[in-house]
2 protein chains.
Amino acid sequence: MQYEDAVKEVYEIVKPKYKLFTAGPVACFPEVLEIMKVQMFSHRAKEYKIIHRDTLDRLRKFLEVEDGEIIIFPSSGTGFMEAAIRNAVSLNGKVLVTIIGAFGKRFADVVESNGREAIKLEFEPGNPVDPNALDEALQKNKDVEAVTITYNETSTGVLNPLPELAKVVKEHDKLLFVDAVSAMGGADIKFSKWGIDVVFGSSQKAFGVPPGLAVAAISERVFEIAEKMPNRGWYFDLPLYRKFNKEKDGTPSTPPMPQLFGLNVVLRIIERMGGKEEWLKMYQKRAEMIREGVKEIGLNLLAKPGYESPTITAVLTPEGIKGEEIYNAMRERGFELAKGYGKGIKEKTFRIGHMGYMTFEVIQEMLDNLKEVIDELKRKKGL
Amino acid sequence: MQYEDAVKEVYEIVKPKYKLFTAGPVACFPEVLEIMKVQMFSHRAKEYKIIHRDTLDRLRKFLEVEDGEIIIFPSSGTGFMEAAIRNAVSLNGKVLVTIIGAFGKRFADVVESNGREAIKLEFEPGNPVDPNALDEALQKNKDVEAVTITYNETSTGVLNPLPELAKVVKEHDKLLFVDAVSAMGGADIKFSKWGIDVVFGSSQKAFGVPPGLAVAAISERVFEIAEKMPNRGWYFDLPLYRKFNKEKDGTPSTPPMPQLFGLNVVLRIIERMGGKEEWLKMYQKRAEMIREGVKEIGLNLLAKPGYESPTITAVLTPEGIKGEEIYNAMRERGFELAKGYGKGIKEKTFRIGHMGYMTFEVIQEMLDNLKEVIDELKRKKGL
């Protein structure tokens, strides 16, 4: 390398300094980082087509898609919020947006900024969507075309009871759009069985791949509506992506190839670990270890019992201590957690992500340090 | 690595097999590939903010932006086509789309699929936009809100006379949107001096970085219009991106961090090579070497003399030989060129990309092989 010093300068800034318990991007598997550095080539070449097709097939199996199509976008997960609204909801049409935290609010923003109306059904931070309240809202708003659900709310660490909520949505025969950005890869998704119309995730969360790639399963019903939807745009035009899947084993514009290769590697790792069930058990085990460790320290969780997320835990700070103080103290000890996120809870929570590459030894080390940090902060403040 | 075999399986498919002369993604600089494998972390962490800000500053200098803002999207370059139309052109408003090949047509598709009207001004493949014809079209269509120009048409290897065309557009006081996907980094761009409103490129072309990141400079005038534009969406909402640049040194949703780091490395390499002028000279030198080599073989170029692209050369095949035959024969010899692209010229052209990482020795080797391939094909066909 002729300009190795240029790499060194950038590396000095971005090199790993912390053990990561972030909300995303998360630590990637070493196997993924290894493939990230592969030389590029044309996305219309045969070699790309093989990986494209293989990744779609693996995702179809992982998400249990019988009818419907796997679509990948060169975008962050939010791209699919925009796609779902522009492809499948009429201009000025109504969408029932359920909100249990900051990312539910984002879906409402996407609905409104695309000229549709968001009917908001909001719950207090820490709570999931109540199926009865959802049923009532749909009784009252018979003209909504779709319902949005945040499967796993990254800001509060709550996992919504998706199968139950999906059942309610289907009883009212509405389209169901599921934001699974921090769920996909860490919580089970049974696309066809649960009757989902759009479910999307992204590379940088529970799959443990760098950011840049969004992934979704889309129902036939959405394509039928989309094909007749005017002004649905080009960049997130779902029928166009399906056409390119079928005819070119590719995407309409250039995809983030390294991330796609990385995701393909992870899907092969999942297979080697014994398949989806074993992989999800790993996520459950991590989450339980962290929840129990946090409780042993004497801290409480934000999530209502029974709805704790398998991928991220939001912890209430002890009275008199701010979330950011804990975040900063842990950072000084070499652990990057996540700050609180969202109105009203930013200061009184901090979050521990448990996605991506992570060993149980490091989790224990993090918990030991967290105990010391809390003790120190309490002592310092005379609490 | 516990699952090294999973990486090996994918690597076997995607590993470098060819010397690349592709239209993009192109071969990346080894320095870029080195940083692509760095471990991830939060895009809201201080370390990300440093690179974000530094990359914006370097791009501002590279594109000569005085007034206006550098915006990066987690998308392919086409994302900025959609952004320009949705942020700065009224619904049902008219756009004069100049077309000199397939990517001009794409801009028209983006205009129309977003509910705007495309007035098309089309030229024969190989020709640039004629400034007089542009002037006439603007005289005739006084109600267009914007003009689109493909700076470098990847499908025909033609570089438009952008400063001259920009002057015409400014005389008519229209917005100017420039698709510089295969130009940015390989052809000069003087954003403020030329009076451009939107100019966009992407990581995987002349910068020699993997795909996934789009880059643009946006004028103040566009932001003024955008702030009042209804239904401009969320994902490509330009004022929202500017707000995040200013307040968070980041993007509204997660950016493709490895590609951003890669681009930052390339911008540092450009600085070390002596700055933009020296870097662009390298591109000119490559282009001239390839054009002369091709002519020596007895082949003709598609581009009208004086408008040849510095980043990609479209070559007319000898009578009786199809472009794909040459592409395939070169591939067998270890060189990946690009096939012809676009209606009417796909069969009778092939293309030689000269973007990204490439030595002059390999260019010579490619030319030597091309000569042999053409001779062989002619002999085989008795031409």
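**A tour of the salt bridges and the A–B interface**

Start by selecting B:R333, which is partly exposed, its relative accessible area being 27%. Before you go on, keep in mind that what you have open is a predicted model.

Now add B:E376 to the selection. The side chains of B:R333 and B:E376 come together in a salt bridge, 2.8 Å from N to O. This one ties together distant parts of chain B: B:E376 belongs to helix α14 (residues 360-381), while B:R333 is in the loop between α13 and β13 (335-336), 43 residues away. B:E376 has a relative accessible area of 35%, so it counts as partly exposed, given that this class runs from 20% to 50%. For something more elaborate, select A:D5, A:E9, B:D54, B:R58, B:R268, B:E271 and B:R272 together; salt bridges with shared partners join them into one network.

**Across the chains**

How many salt bridges does the structure hold over all chains? There are 68. To see one of them, pick A:E47 and B:R331, whose closest N and O atoms are 3.0 Å apart. This pair crosses between chains, with A:E47 in helix α3 of chain A and B:R331 in helix α13 (residues 323-332) of chain B. Are A:E47 and B:R331 buried or exposed? Both are buried.

Next, go to A:E82 and B:R86. Here too is a salt bridge, with the closest N and O atoms 2.9 Å apart. A:E82 sits in helix α4 of chain A and B:R86 in helix α4 (residues 78-88) of chain B, so this pair joins two chains. Switch on a surface and check both ends. The cut-off for buried is under 20% relative accessible area, so A:E82, at 2%, counts as buried. B:R86, at 5%, counts as buried as well.

**Around A:R86**

Move over to A:R86, which you'll find in helix α4 of chain A. With a relative accessibility of 5%, A:R86 counts as buried. Its side chain makes a polar contact, at 2.9 Å, with the side chain of B:E82. Now show the neighbours of A:R86, skipping residues up to four places away in sequence: in chain A it touches A:N114, A:R116, A:M229, A:N231, A:R232 and A:G233, and in chain B it touches B:E82, B:R86 and B:N114.

**The whole interface**

Zoom out and colour by chain. The contact takes 83 residues from chain A and 83 residues from chain B. The copies meet through the same surface, because 100% of the interface residues of chain A are also interface residues in chain B. About 6800 Å² is buried between the two chains, and carbon and sulfur atoms give 64% of that area.

Chain A and chain B have 10 salt bridges across their interface, and 39 residue pairs are in polar contact between them, both residues at pLDDT 80 or more. Which elements should you select on the side of chain A that touches chain B? Those giving two or more residues are α1 (4-14), α2 (30-36), α3 (46-62), α4 (78-88), α5 (102-113) and α11 (257-272) of chain A. Colour that side by residue class and you get 42 nonpolar, 21 polar and 20 charged residues.

For the last stop, superpose the chains. Chain A lands on chain B after a rotation of 180° with 0.0 Å of shift along the axis, at an RMSD of 0.0 Å. That is how a two-fold axis relates its copies.

Key:
Residues numbered from 1 in each chain as written. Chains lettered and ligands numbered in written order. Predicted model: local features only at pLDDT ≥ 70, side-chain atom pairs only at ≥ 80, totals over all residues. Heavy atoms only, no water. Least-squares fit on C-alpha atoms with pLDDT ≥ 70 in both. Contact = heavy atoms within 4.5 Å. Buried area = accessible area lost by both parts, 1.4 Å probe. Salt bridge = Lys/Arg side-chain N within 4 Å of Asp/Glu carboxyl O. Polar contact = N/O pair within 3.5 Å; in protein donor to acceptor, adjacent residues only side chain to side chain. Helix = DSSP H or I, 4+ residues; strand = E, 2+ residues; numbered from the N terminus. Nonpolar A, V, L, I, M, F, W, Y, C, P; charged D, E, K, R; others polar. Buried < 20%, exposed > 50% of the residue type's maximum accessible area, 1.4 Å probe, protein only.
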